[in-house]
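This report describes helix packing, the nonpolar core and a few single residues in one protein chain. The sequence and the structure come first.

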Amino acid sequence: MEDIYTNVLKNDRLDEYPLFKKFCVLKEKGLRKESFKALSSFIDEAREWDNDKQQNFACWLFTLFESSDNIHHLLVHPLEENLLKPILEEWIKKNPKEPGPYRWYGLFLQTEDLVEKAIIIETN
């Protein structure tokens, strides 16, 4: 598997999220403080998006996480708590029979019981 930075930075869709791109570039360069400022701006912007756009971003990012190593470099606490968890929680609430959000929540956001729920939904 490739490193998360490689997978994200070479991905064509990254240009759709300029503030997230700025976060990734700065974080890869080791500029933690500046990268977290960009991330904060991105999270503020993303919270204003409609559900479809939020879910599209989450799908894109989690799909990259699935095929990458070292995801902890980008899956930082503010992104997890302030954007990804709320997106997945809303998604689960609106579509409780869709396995994807349960799976991603369980795999990447340290909630293993939701992985089991995703498997049950997928097999029914």
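## Helix packing and core

In this predicted model, helix α2 (residues 18-28) and helix α3 (residues 32-47) have axes that come within 8 Å and cross at roughly 160°. Angles over 145 degrees count as roughly antiparallel, so α2 is roughly antiparallel to α3. The crossing in which α2 passes α3 is left-handed. On the α2 side, the contact is made by L19, F20, K22, F23, L26 and K27. On the α3 side, the residues are E34, S35, F36, A38, L39, S41, F42 and E45. Sorted by class, the contact of α2 with α3 has eight nonpolar, two polar and four charged residues.

Helix α2 has F20, F23, C24, L26 and K27 as its buried residues. These buried residues pack against α1, α3, α4 and α5. After α2 comes G30, with a positive phi near 85°.

A second helix pair is α4 with α6, which pack at an angle of about 50° with their axes 11 Å apart. That angle makes α4 oblique to α6. The crossing of α4 and α6 is left-handed. From α4, the residues C59, F62, T63, F65 and E66 meet R103, W104 and F108 of α6. By class, the contact of α4 with α6 has five nonpolar, one polar and two charged residues.

The largest nonpolar core has 38 residues. Within this core, the residues with the most contacts are V8, F20, F42, F57, W60, F62 and F65. Two or more residues are given to the core by each of α1 (4-9), α2, α3, α4 (51-66), α5 (77-94) and α6 (99-108). F65, one of the residues with the most contacts inside the core, touches I4, I71, L74, L75 and F108, not counting residues up to four places away in sequence.

## Single residues

The table lists three residues with their places and relative accessible areas.

| Residue | Place | Relative accessible area |
|---|---|---|
| K85 | helix α5 | 16%, buried |
| Q55 | helix α4 | 17%, buried |
| N70 | loop between β2 (68-69) and α5 | 37%, partly exposed |

Buried means under 20% relative accessible area, so K85 at 16% counts as buried. Leaving out residues up to four places away in sequence, K85 touches E80, Y105 and L109. K85 and Y105 are 20 residues apart in sequence, and their C-alpha atoms are 7.3 Å apart in space.

Q55 is also in the buried class, because its relative accessible area is 17%. With residues up to four places away in sequence not counted, Q55 touches I87 and W91.

What is the sign of phi in N70, a residue other than glycine? The value is positive, near 60°. Most residues other than glycine have a negative phi. N70 lies in the loop between β2 and α5, and its relative accessible area of 37% makes N70 partly exposed.

Methods: Residues are numbered from 1 along each chain as its sequence is written. This is a predicted model: local features need pLDDT of at least 70, side-chain atom pairs count only at pLDDT 80 or more; totals for chains, interfaces and linings use all residues. Side-chain values use heavy atoms; hydrogens and water are left out. Axes are lines fitted to C-alpha atoms, for helices over the stretch in contact, and angles run from 0 to 180 degrees between N-to-C directions. Helices (H or I, at least four residues) and strands (E, at least two) are DSSP runs, numbered from the N terminus. Angles under 35 degrees count as roughly parallel, over 145 as roughly antiparallel, 65 to 115 as roughly perpendicular and the rest as oblique. A crossing is left-handed if the near helix is turned anticlockwise from the far one by less than a right angle, and right-handed if clockwise. Contact means heavy atoms within 4.5 Å. Ala, Val, Leu, Ile, Met, Phe, Trp, Tyr, Cys and Pro count as nonpolar, Asp, Glu, Lys and Arg as charged, and the others, Gly among them, as polar. A nonpolar core is a set of buried Ala, Val, Leu, Ile, Met, Phe, Trp, Tyr and Cys residues joined through side-chain atoms within 4.5 Å. Buried means under 20% relative accessible area, exposed over 50%, partly exposed in between (1.4 Å probe, protein chains only).
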